[in-house]
Amino acid sequence: MSVLETKNLGIAFGGLQALEDVHFSINEGEIIGLIGPNGAGKTTVFNLLTDVYMPTQGVIELDGNNIVGKKTYQITQNGIARTFQNIRLFKDATVIDNVKIAMNSQMKYSVLAGMFRLPSYRREEKAVSKRAHELLEVFNLDGYAHDSAKNLPYGKQRKLEIARALATNPKVLLLDEPAAGMNPTETMELMETIMLIRDKFHVAILLIEHDMNFVMGICEHIVVLDYGRIIAEGTAEEVRSDPKVIAAYLGGE
Ligand SMILES: Nc1ncnc2c1ncn2[C@@H]1O[C@H](COP(=O)(O)OP(=O)(O)OP(=O)(O)O)[C@@H](O)[C@H]1O
């Protein structure tokens, strides 16, 4: 069964139908690419999936349950995490604290236990610290654990953002232009990391990306949007040779 499925999803901003009849599904462990020319509606799909906007039509099912209308924090708790086009980190906090803050929603000790540093708090804190270090190791960031996030090179800040998203234990990870601004070496490294994440955490990954080599290189399935509608979907080979896709991209040049 699919982890996430949208049916007849749509949203209008005033007179502009930004998305219409968007239907796709994603299974556990699958990497799907969402592509399309500028303004096609890709980020709006992410904003609907995370309840930044309320759809004007359709449903979004996570594990078979409609999540439309749930609050963003409930959606995170239910298992959807995202990163943004522009990096959002606590820049003055350390790398490890950035991950621990993201884990906060998963912590179970009471306020009282926290205030008085009771054993239940210390146990939980220790477990969180251990998990945060393990996550940083996956991203080769553990050596930077006590540096300020703002001192990390750009590519590593992007990785830290993904580590923060994973810290919430998602079933579905949404990555908005993860390779934006990266040099070719960083991009290659990121491709390997994303595949590793999929294998290690069994998470479903939906990613928006303009770098076609990146998308074609790691996505098993690609959904192409143009003017808010799905115009094609399939494997990299199928999408690449689809005349509708070629026309959409040429039209946007
Ligand atoms: N809050 C909003 N109010 C009005 N129009 C909006 C809003 N958000 C998005 N839009 C419009 O919806 C359409 C889709 O925008 P969206 O940002 O989703 O495109 P995109 O495919 O992510 O583009 P890009 O690749 O440039 O990031 C655009 O026409 C945009 O102007």
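Let me begin with a small detail at a sheet edge: the bridge partner of Glu61 in β5 is Asn66. That pair belongs to the contact between strand β4, residues 57-62, and β5, which run antiparallel and are joined over 2 bridges. Before going further I should say that what we are looking at is a predicted model, with a mean pLDDT of 90 for the protein chain and 92% of its residues at 70 or more. The scores for the model are ipTM 0.95 and pTM 0.90.

To place that pair in its sheet, β4 and β5 belong to an open sheet of 4 strands, in the order β2-β1-β4-β5, where the pairing is antiparallel. The edges of this sheet are β2 and β5, the latter being residues 65-66, and because each has a single partner strand, one side of each has no neighbour in the sheet.

The edge strand β2 also leads us to the ligand, since β2, residues 16-26, and α1, residues 42-49, each supply at least two residues of the shell around the ligand. Which residues make up the surroundings of the ligand? They are Phe13, Leu16, Ala18, Gly36, Asn38, Gly39, Ala40, Gly41, Lys42, Thr43 and Thr44. The helix α1 gives the most to this shell, with 3 residues, and by character the shell divides into 4 nonpolar residues, 6 polar ones and 1 charged one.

Let me turn now to the parallel strands, and to β3 in particular, which covers residues 31-35. Is β3 enclosed or open to the outside? Of its 5 residues, 5 are buried, so the strand is largely enclosed by the rest of the structure. If we look at the two directions separately, Ile31, Gly33 and Ile35 point one way while Ile32 and Leu34 point the other, and all of them are buried.

As for the partners of β3, it pairs in the parallel sense with strand β8, residues 204-208, over 4 bridges, and it also pairs in the parallel sense with strand β9, residues 221-226, again over 4 bridges. A convenient residue for following both pairings on the screen is Leu34, which stands opposite Ile208 in β8 and opposite Val223 in β9.

Strand β8 is covered in a similar manner, with 5 of its 5 residues buried, so that β8 too is largely enclosed by the rest of the structure. Ala204, Leu206 and Ile208 lie on one side of β8 and Ile205 and Leu207 on the other, and all of these are buried. Beyond its pairing with β3, strand β8 runs parallel to β7, to which it is joined by 5 bridges, and within that pairing Leu175 stands opposite Leu207 in β8.

That brings me to Asp176, which lies in strand β7, residues 172-176. Why does Asp176 count as buried? The reason is that it has 21 C-beta neighbours inside 10 Å, and the cut-off for a buried residue is 20 or more. Leaving aside neighbours within four places in sequence, Asp176 is in contact with Thr43, Phe46, Arg82, Thr83, Phe84, Gln85 and Ile208. Among these, Thr43 has already appeared in the list of residues around the ligand. Phe46 is 130 residues away from Asp176 along the chain, yet the two C-alpha atoms are separated by 8.1 Å.

Two backbone angles deserve a careful look. Most residues other than glycine have a negative phi. Glu177, however, has a phi near 50°, a positive value in a residue that is not glycine; Glu177 is in the loop between β7 and α7, the latter being residues 184-201, and with 20 C-beta neighbours inside 10 Å it counts as buried. Tyr227 likewise has a positive phi, about 45°, without being a glycine, and its place is the loop between β9 and β10, residues 229-234. With 16 C-beta neighbours inside 10 Å, Tyr227 counts as partly exposed.

Finally, a word on helix α6, residues 154-166, whose 13 residues reach 19 Å from the first C-alpha to the last, close to the 18 Å expected at 1.5 Å a residue. The helix is mostly covered, with 11 of its 13 residues buried, and the buried residues include charged ones by name, among them Lys156, Arg158, Lys159, Glu161 and Arg164.

Note on methods: Residues are numbered from 1 along each chain as its sequence is written. This is a predicted model: local features need pLDDT of at least 70, side-chain atom pairs count only at pLDDT 80 or more; totals for chains, interfaces and linings use all residues. A residue is near a molecule or strand if its C-beta atom, placed from the backbone, lies within 6 Å of it. A residue is buried if 20 or more other C-beta atoms lie within 10 Å of its own, exposed if 12 or fewer, and partly exposed in between; C-beta atoms are placed from the backbone. Two strands pair if DSSP finds at least two bridges between them. pLDDT is the predictor's confidence in each residue, from 0 to 100. The expected span of a helix is 1.5 Å times one less than its number of residues. Two residues are in contact if their C-beta atoms, placed from the backbone, lie within 7 Å.
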